[in-house]
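I opened the notebook with two things to look up: burial and charged pairs. Here is the structure I was working from.

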Amino acid sequence: MKIIALSCSPSRKRNSDTMLDYFIAGMKEVPNIEVEKVYLEDIPINTYNFKNSTGPQKDEELFKKLTDKIKNETAGLVIATPTYNFSVPAHLKNFIDRIRFFALNFNDKNKLGQPNGMLGGLKTYFLVSGGTPNWAETILFFSFPSFWLRGVFLYFNAKVIGAYYSGDIETYNNKKILHKCYKKGIKYAKNIIKRKDQGLLENIFWRSPQEKQM
Ligand SMILES: Cc1cc2nc3c(=O)[nH]c(=O)nc-3n(C[C@H](O)[C@H](O)[C@H](O)COP(=O)(O)O)c2cc1C
């Protein structure tokens, strides 16, 4: 089972990136899990416009490779990001804007006229760092990326397995938080292997489009 771990902070080896490293170490404890870590800033992605709305363009080879992988081979997507101005860094926001070409089905709309999500086979998890203490984030959860990311990926019809926020600005040094990330990585990977959220019959007969390609 393949999992893509997207590190979305421009600051490598700092908070969210280190949270992701521990989460990955946890995932790797689980047999049959293959993790690929990707630094989103290594993937040039033009900003969304009507012309590139149908998918990656000729000058976006790395973006095409990444979206092909997520579309065809990936069972899990882990996104690690800092909080920037109550949201996510611009590059991550742009990535999410651009993936709508395979995340939404514009030929199949719901009662509200909204396109239906197409990421039914993808299980997501969000690791978020921020400068706001955890207690304040708990009260103001709706102004933080984990809430927003959860909403977007549910709109895309993906499964949201969980999210973890750290408000320690020295998370990269905080062994307790990093150990929690490691534990959460194990739990998430086990969930992917066991297909926990599915019923018995679905486990036997149903395979996600991503799995069918494997
Ligand atoms: C441009 C910018 C905007 C920020 N906005 C917020 C914010 O709205 N809320 C918050 O809690 N922290 C905010 N922060 C603090 C970062 O989220 C925090 O330092 C985080 O731990 C950085 O994570 P990283 O080391 O993974 O990049 C901001 C930091 C920067 C540089």
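I began with Arg 98, which counts as buried at 1% relative accessibility. This is a predicted model, so I am reading computed values throughout.

Next I asked which acidic residue Arg 98 pairs with. The side chain of Glu 60 meets that of Arg 98 in a salt bridge, with 2.8 Å from N to O. Glu 60 sits in the loop between E2 and H2 while Arg 98 belongs to helix H3, so this pair ties together parts that are 38 residues apart in sequence. I then checked the partner: Glu 60 is buried too, since its relative accessible area is 1% and the cut-off for buried is under 20%.

**Entry: around H3**

I listed the buried residues of helix H3, which spans residues 90-98, and found Leu 92, Asn 94, Phe 95, Ile 96 and Arg 98. What covers them? I noted that the cover includes strand E1 (2-7), helix H2 (61-72) and strand E3 (74-82). Helices H4 (100-103) and H6 (145-155) also belong to that cover.

**Entry: Asp 17 and Lys 37**

I moved on to Asp 17, which forms a salt bridge with Lys 37, their closest N and O atoms lying 2.7 Å apart. Asp 17 is in helix H1 and Lys 37 in strand E2, so the pair joins parts that are 20 residues apart in sequence. Is each end buried or partly exposed? Asp 17 counts as buried, at 0% relative accessibility. Lys 37, on the other hand, is partly exposed, with a relative accessible area of 28%.

I followed the links outward and found a network of salt bridges that connects Lys 13, Asp 17, Asp 21 and Lys 37.

**Entry: Arg 12 and Asp 42**

My last pair was Arg 12 and Asp 42, whose side chains meet in a salt bridge at 2.7 Å, N to O. The two come from distant parts of the chain, 30 residues apart. I placed Arg 12 in the loop between E1 and helix H1 (15-27), and Asp 42 in the loop between strand E2 (34-39) and H2. For accessibility I noted 33% for Arg 12, which makes that residue partly exposed. Asp 42 counts as partly exposed as well, at 42%.

**Entry: the count**

How many salt bridges are there by this rule? I wrote down eleven. Among them are the pair of Glu 60 with Arg 98, the pair of Asp 17 with Lys 37, and the pair of Arg 12 with Asp 42.

Notes: Residues are numbered from 1 along each chain as its sequence is written. This is a predicted model: local features need pLDDT of at least 70, side-chain atom pairs count only at pLDDT 80 or more; totals for chains, interfaces and linings use all residues. Side-chain values use heavy atoms; hydrogens and water are left out. Buried means under 20% relative accessible area, exposed over 50%, partly exposed in between (1.4 Å probe, protein chains only). Helices (H or I, at least four residues) and strands (E, at least two) are DSSP runs, numbered from the N terminus. Contact means heavy atoms within 4.5 Å. A salt bridge is a side-chain nitrogen of Lys or Arg within 4 Å of a carboxyl oxygen of Asp or Glu.
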